[in-house]
There are 2 protein chains.
Amino acid sequence: MNLRFILVRPRNPLNIGAAARAMANFGFNDLAVVKPFAPVWRETTSAPGAEKLVQDARVFSSIDHAIADCHLVVGTTALRNRRPERPVVSLPRLMDYLKQEAPSPFLSKENETFQAAILFGPEKTGLSGPYLERCHFWITIPTDPACPSMNMGQSVALCAYEWARTLERLAPRALTGPGPLATAGDVQRLVSQTMDLFEAADYLPFLPRDAQEKKIRRLFQRWQIRKQDIQLLHGLFRFMMQGLTGEKPRGR
Amino acid sequence: MNLRFILVRPRNPLNIGAAARAMANFGFNDLAVVKPFAPVWRETTSAPGAEKLVQDARVFSSIDHAIADCHLVVGTTALRNRRPERPVVSLPRLMDYLKQEAPSPFLSKENETFQAAILFGPEKTGLSGPYLERCHFWITIPTDPACPSMNMGQSVALCAYEWARTLERLAPRALTGPGPLATAGDVQRLVSQTMDLFEAADYLPFLPRDAQEKKIRRLFQRWQIRKQDIQLLHGLFRFMMQGLTGEKPRGR
């Protein structure tokens, strides 16, 4: 698998460099930045040995673009004043959780087509709701209540260390299984399509649109939808839509 | 147990602050600095939430003073061009190693009289021989060969995380056992006494004095010497010394 580290709205170029160096220390090289504050962040000097990683980092204008090709999306959170709306995994338990719950046939070190992403929030606030909602589960680092807030570079280092350890110990697995997983981009298209369908059918009209969207996304995330499911569902929804709007589907 | 974090010859005040913050994140508060470069290191701003820890940090002029009261001393090293003269433990294996090899009856979270120390070397060079020789075992962080060198604050964060995890999982143990361990200060006095004895007896005259000292220290470290052993050995050595020099021991 390939693990992308996504920094959301990072402020301090030193932190971006420190994150890059920690990634490189543990053999990861896919860095993405979403809407960075400082335009000069690539000039950081805090990434000795990881300069190329910083130069190659991709910048995205939205999280949906950054995760579009990902099969698994994981958020990091300190959980302050936040209801756990996804499974919350303490970092030292990551390996156990992935073994039991993740789409494990695909989660081997050897499977180069499996794309995962881990998200880190802005230094002061952490990840906000819209980012956490895009995650299949949340990782939290068990810190001392007397000093709970971690430096971003150090959080990245801990997560890189624990993922590397986990991938090292996950036994290589057979790659056969129920077909490749859908990506976040696939699922997002399905969410939009479902929303349109709900609207056309006047289903759940008492819920505001963003609450509907949250509900649908969460549902789809739980299903571990496969590529072939996406095609089937797209087709089904298209036909239902045409039925609702009175228009005959093409090809009938 | 209490774990002291000892930074040897740190150069960058930002790193000292980052180390302090990571310690506080995982519930450690005993920071010591040996011969720091910058006299202004306490003014670091990189330890939000851990300012008191930095203010309370003790400064030592030598490593022997910093570890004098410690029962267990652990070094960190990247092992570059260095022969492993102590057991080398990969950080993710720390818990397994401590369970099997350490003086485990004393190594519980609850035992407040057990004092351990973990040493971190200067940013550019890491711990040199004289520091590593004072350690019972060495920890190494398994980094990618393409980017092996870690930021000091991040190394401290990883070690604090792994120790906290280890202490959490080590079952509380009975505190009975073969008596309290000797401290590094106890052992150092025994080393000096033994050296004097060797000299008086003209034993190992072909070895230079520092090589003799290394040999003796390593021997004593392996023994897990107890407080009561120290007294016995002190007495024995005193009598032998007096026999060698022709002087009658007092009290006979």
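Two residues are in contact if their C-beta atoms, placed from the backbone, lie within 7 Å. The exercises below use a predicted model.

**Exercise 1. Find what covers the buried residues of H7(A), and say how those residues are arranged around the helix.**

Step 1. Check the helix length. H7 of chain A runs over residues 184-201, which is 18 residues. At 1.5 Å a residue the expected span is 26 Å, and the end C-alpha atoms are 25 Å apart, so the two agree.

Step 2. List the buried residues. They are A:Ala184, A:Asp186, A:Val187, A:Leu190, A:Val191 and A:Thr194.

Step 3. Look down the helix axis. The buried residues of H7(A) fall within an arc of 145°, so they line one face of the helix. An α-helix has 3.6 residues a turn, so residues three or four places apart point the same way.

Step 4. Name the cover. It includes helix H3 (63-67), strand E4 (72-76), helix H8 (209-222) and helix H9 (227-245) of chain A.

Step 5. Look just past the helix. A:Asp202 follows H7(A) with a positive phi of about 55°.

**Exercise 2. Compare the length of H9 in chain B with its expected span, then inspect the residue that follows.**

Step 1. H9(B) covers residues 227-245, a run of 19 residues.

Step 2. At 1.5 Å a residue the expected span is 27 Å. The end C-alpha atoms of H9(B) are 27 Å apart, which agrees.

Step 3. B:Gly246 comes after H9(B), and its phi is positive, near 85°.

**Exercise 3. Work out how chains A and B are related, and through which surface they meet.**

Step 1. Superpose the copies. A turn of 180° with a shift of 0.0 Å along the axis lays chain B on chain A with an RMSD of 0.1 Å.

Step 2. Read off the symmetry. The two copies are thus related as by a two-fold rotation axis.

Step 3. Locate the axis. In chain B, the C-alpha nearest to it belongs to B:Gln154, at 2.7 Å.

Step 4. Count the contact residues. Chain B supplies 22 residues and chain A supplies 22 residues.

Step 5. Assign them to elements. On the side of chain B that touches chain A, helix H1 (13-25) and helix H6 (152-169) of chain B are the elements that give two or more residues. H6(B) gives the most, with 6 residues.

Step 6. Sort by residue type. This side of chain B has 11 nonpolar, 8 polar and 3 charged residues.

Step 7. Compare the two sides. 100% of the interface residues of chain B are also interface residues in chain A, so the copies meet through the same surface.

**Exercise 4. Describe the fold of chain A in numbers, and identify the residues that touch the most other members of the largest nonpolar core.**

Step 1. Chain A has 9 helices and 7 strands.

Step 2. Of its 252 residues, 38% are buried.

Step 3. Take the contacts in chain A with a separation of 6 or more. Residues 24 or more positions apart account for 84% of them.

Step 4. Turn to the largest nonpolar core, which holds 127 residues. A:Met23, A:Ala160, B:Met23 and B:Ala160 touch the most other members.

Step 5. Follow one of these residues. Leaving aside neighbours within four places in sequence, A:Ala160 is in contact with A:Ala22, A:Met23, A:Asn25, A:Phe26 and A:Phe28.

**Exercise 5. Decide whether A:Leu132 is buried or exposed, and list its contacts.**

Step 1. A:Leu132 is in helix H5 (residues 129-132) of chain A.

Step 2. Apply the cut-off: a residue is buried if 20 or more other C-beta atoms lie within 10 Å of its own. A:Leu132 has 21 such neighbours, so it counts as buried.

Step 3. Beyond its neighbours within four places in sequence, A:Leu132 is in contact with A:Gly75, A:Thr77, A:Leu127 and A:Trp138.

Step 4. Add a distance. A:Leu132 and A:Arg4 are 128 residues apart along the chain, and their C-alpha atoms are separated by 16 Å.

**Exercise 6. Place A:Arg9 and B:Leu79, two residues with positive phi, and classify their exposure.**

Step 1. A:Arg9 has a phi near 50°, positive although the residue is not glycine. A:Arg9 lies in the loop between strand E1 (2-8) and helix H1 (13-25) of chain A.

Step 2. With 19 C-beta neighbours inside 10 Å, A:Arg9 counts as partly exposed.

Step 3. B:Leu79 has a phi near 65°, again positive in a residue other than glycine. B:Leu79 sits in the loop between strand E4 (72-76) and strand E5 (88-90) of chain B.

Step 4. B:Leu79 has 13 other C-beta atoms within 10 Å, so it is partly exposed.

Key. Residues numbered from 1 in each chain as written. Chains lettered and ligands numbered in written order. Predicted model: local features only at pLDDT ≥ 70, side-chain atom pairs only at ≥ 80, totals over all residues. Core = buried A, V, L, I, M, F, W, Y, C linked by C-beta atoms within 7 Å. Buried ≥ 20, exposed ≤ 12 C-beta atoms within 10 Å, placed from the backbone. Least-squares fit on C-alpha atoms with pLDDT ≥ 70 in both. Helix = DSSP H or I, 4+ residues; strand = E, 2+ residues; numbered from the N terminus. Expected span 1.5 Å × (residues − 1). Arc of directions from axis to C-beta. Nonpolar A, V, L, I, M, F, W, Y, C, P; charged D, E, K, R; others polar.
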